[in-house]
Amino acid sequence: MSDYKYYIIFVSMMATGLAVAFCITQGYYPIALVGGDFVSARSFSEEYRATDTYYQNFMKTYQAALKDNTMLPASELEADALDNLIEKDLIKDGAEREAGTDLNMLVQSKLSGYSNDADLVKAGLALYGLDRRAFWNKILVPQATREILQGRLFLKGQNIDDWLVSAKKSAHVLIFSPNFSWDGEKVSAK
């Protein structure tokens with residue numbers, strides 16, 4: 001039995017090492033911590049690709065009309081993408097506090113008319129480069145959540161922009177990447 005003990009330990013260590021390597025290569029490690037929620041490198045990468053695709057499409061369309069048509073550096077787009085993820089997390093937490101357990105039902109109700117809209121799927125692919133599922137989860141659900149929070153705050157006589165500034169200032173945000181910093185209001189590229 002003692003001979004097998006070393007084999008079991010060795011196999012366990014190898015399996016753990018392979019699992020860790022898989023998680024790292026797939027981006028399942030945190031790049032930031034917002035309150036108690038982790039932002040994974042994978043979700044950051046997906047958000048950055050969508051942000052970059054949208055920005056490239058915007059510049060192709062409006063570059064001639066813009067006075068300053070210089071392209072933003074990739075580091076600024078990355079910082080914007082991470083800032084968007086932090087905002088989405090803060091808004092989701094605020095909406096959960098305001099709507100409670102009804103939030104998912106309210107979001108699904110708000111988006112129910114768009115579930116079979118083929119034009120919306122084409123727009124998501126054209127604007128953001130996202131397939132149907134990713135467009136739904138990365139763009140539509142966060143927007144619906146924001147609108148629900150905005151409505152709840154309006155009923156209390158508050159503005160979502162003011163609420164978001166306050167939420168950012170009071171949020172506990174840790175960024176694990178040396179490429180970015182959090183100044184209490186936004187993410188900046190270093």
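Which elements each supply at least two residues of the lining of the largest pocket? Here are some notes on that, and on the charges around it; please keep in mind that this is a predicted model.

1. **The largest pocket and its walls.** To take the opening question straight away, the elements are strand β2 (37-40) and the helices α2 (41-62), α3 (74-99), α4 (103-111) and α6 (132-155). The largest share of this lining belongs to α6, with twelve residues. The pocket holds about 1200 Å³ of space.

2. **What lines the pocket.** There are 44 lining residues, and those nearest the centre of the pocket are Glu-47, Lys-88, Lys-138, Ile-139 and Pro-142. Sorted by class, the lining comprises 20 nonpolar, eleven polar and 13 charged residues.

3. **A salt-bridge network with a pocket residue.** Lys-138 deserves a second look: it is among the residues nearest the pocket centre, and it is also linked with Arg-42 and Glu-46 in a network of salt bridges. If you are checking charges in this region, that trio is a good place to start reading the model.

4. **The largest cavity.** Turning to enclosed space, the count comes to one cavity of 30 Å³ or more, with about 40 Å³ of space in the largest cavity. Its lining is made of Tyr-114, Ser-115, Leu-120, Val-121, Arg-132, Phe-135, Trp-136 and Leu-140. Helices α5 (118-128) and α6 are the elements that give two or more residues to this lining. Helix α6 provides the largest share here, four residues. By class, the cavity lining divides into six nonpolar residues, one polar and one charged.

5. **A buried salt bridge.** Ten salt bridges are counted in the model. One pair is Lys-168 with Glu-87, where the closest N and O atoms are 2.8 Å apart. Lys-168 sits in helix α7 (residues 160-170) and Glu-87 in helix α3, so this pair ties together parts that are 81 residues apart in sequence. Both partners, Lys-168 and Glu-87, are buried.

6. **A pair between α4 and α6.** Lys-110 and Glu-147 also form a salt bridge, with their closest N and O atoms 3.5 Å apart. This pair links distant parts of the chain, as Lys-110 belongs to helix α4 and Glu-147 to helix α6, 37 residues apart. Lys-110 is partly exposed, at 37% relative accessible area, and Glu-147 counts as partly exposed too, at 34%.

7. **A pair within α3.** Glu-96 and Lys-92 form a salt bridge whose closest N and O atoms are 3.7 Å apart. These two residues are four apart in helix α3, so about one helical turn separates them. Glu-96 has a relative accessible area of 36% and is partly exposed; Lys-92, at 41%, is partly exposed as well.

8. **Asp-89, a charge without a partner.** Is Asp-89 buried or exposed? This residue of helix α3 is buried, yet it has no salt bridge. The nearest side chain of opposite charge is Lys-92, 5.8 Å away; a salt bridge needs the nitrogen and oxygen within 4 Å, so that distance does not qualify. Lys-92 does have a salt bridge with Glu-96, as noted above. Leaving aside residues up to four places away in sequence, Asp-89 touches Val-34 and Asp-37. One of those neighbours, Asp-37, is itself an acidic residue counted as negative.

Terms used. Residues are numbered from 1 along each chain as its sequence is written. This is a predicted model: local features need pLDDT of at least 70, side-chain atom pairs count only at pLDDT 80 or more; totals for chains, interfaces and linings use all residues. Side-chain values use heavy atoms; hydrogens and water are left out. On a 1 Å grid over the protein atoms alone, a cavity is a set of points where a 1.4 Å probe fits but cannot get out, and a pocket is an open set with protein on both sides within 12 Å along at least five of seven lines; lining residues have an atom within 4 Å of a point. Grid points are joined across faces, edges and corners, and a volume is the space filled by probe spheres set on the points. Ala, Val, Leu, Ile, Met, Phe, Trp, Tyr, Cys and Pro count as nonpolar, Asp, Glu, Lys and Arg as charged, and the others, Gly among them, as polar. Buried means under 20% relative accessible area, exposed over 50%, partly exposed in between (1.4 Å probe, protein chains only). Contact means heavy atoms within 4.5 Å.
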